[in-house]
Amino acid sequence: MKLNDYILTFESTHNALATEKILTKKDIEVELIPTPREISAECGFTLILEKMDLQTIKDNTNPKILGDIYIIIKEGKRKKYEKVD
């Protein structure tokens, strides 16, 4: 399975920070970033996780507070975001 960069969205900053704390405690590298303009989200912050299996993300996050998951597709210097089901 190919490993990709993912962006996680949330309904609130509180949920983003809570998820960041959970993932960090599980030794999963995560970065809190402003939500990219190309992504529609209620919260102005998202989490980016690098080179990780999608199932690992789902297994280590709370589905009640997680919004959408996007895969980052790099096309040269540009980035495209595709929503994952």
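Which strand is the place of Tyr 81? Select strand 5, residues 78-84, and you'll find Tyr 81 there. Keep in mind as you click around that this is a predicted model.

**Stop 1: around Tyr 81**

Keep Tyr 81 selected and add Pro 36. The two are 45 residues apart in sequence, yet their C-alpha atoms are 9.1 Å apart in space. Now show the contacts of Tyr 81, skipping neighbours within four places in sequence: you get Ile 7, Pro 36, Glu 38, Ile 39, Tyr 70, Ile 71 and Ile 72.

**Stop 2: the sheet**

Switch to cartoon view and pick out the strands. Five of them form an open sheet, ordered 2-3-1-4-5, with antiparallel pairing. Strand 2 and strand 5 sit at the edges with a single partner strand each, so one side of each has no neighbour in the sheet. Going from one strand to the next, the twist averages 35 degrees.

Next, select strand 1 together with strand 4 (residues 66-75). This antiparallel pair is joined over four bridges. For one spot to look at, take Leu 8, whose bridge partner in strand 4 is Ile 69.

**Stop 3: helix 1 on the sheet**

Bring helix 1 into view. Helix 1 packs on the sheet, where it touches strand 1, strand 2 and strand 3, and its direction makes about 30 degrees with that of strand 3.

Select residues 13-25 to get the whole helix: 13 residues, reaching 18 Å from first C-alpha to last, close to the 18 Å expected at 1.5 Å a residue.

Which residues of helix 1 are buried? Colour Asn 15, Ala 16, Thr 19 and Leu 23, since these are buried. They lie on the same side of helix 1, because the arc they cover around the axis is only 100 degrees. A reminder on helix geometry: with 3.6 residues a turn in an α-helix, residues three or four places apart point the same way. The cover over the buried residues of helix 1 includes strand 1 (4-10), strand 2 (30-34) and strand 3 (45-52).

Spin round to the other side of helix 1 and you'll see His 14, Lys 21 and Lys 25, which are exposed. Before moving on, click Asp 27, just after helix 1: its phi is positive, at about 60 degrees.

**Stop 4: salt bridges**

Time for the charged side chains. How many salt bridges does the count come to? The count is four, and here are some to visit.

Start with Asp 68 and Lys 83, which form a salt bridge with their closest N and O atoms 3.5 Å apart. Asp 68 is in strand 4 and Lys 83 in strand 5, so this pair ties together parts 15 residues apart in sequence. Try a surface view too: Asp 68 is partly exposed at 27% relative accessible area, while Lys 83 counts as exposed at 52%.

Now jump to Lys 80. Its salt bridge with Glu 75 has the closest N and O atoms 3.9 Å apart. Lys 80 is partly exposed, with 37% relative accessibility, and Glu 75 is partly exposed as well, at 44%.

Add Glu 82 to the selection. Glu 82 forms a salt bridge with Lys 80, and here the closest N and O atoms are 3.6 Å apart. The relative accessible area of Glu 82 is 36%, so it is partly exposed. Show the three side chains together: salt bridges with shared partners join Glu 75, Lys 80 and Glu 82 into one network.

Methods. Residues numbered from 1 in each chain as written. Predicted model: local features only at pLDDT ≥ 70, side-chain atom pairs only at ≥ 80, totals over all residues. Heavy atoms only, no water. Helix = DSSP H or I, 4+ residues; strand = E, 2+ residues; numbered from the N terminus. Expected span 1.5 Å × (residues − 1). Buried < 20%, exposed > 50% of the residue type's maximum accessible area, 1.4 Å probe, protein only. Arc of directions from axis to C-beta. Contact = heavy atoms within 4.5 Å. Pairing = 2+ DSSP bridges. Axes fitted to C-alpha atoms, helices over the stretch in contact; angles between N-to-C directions.
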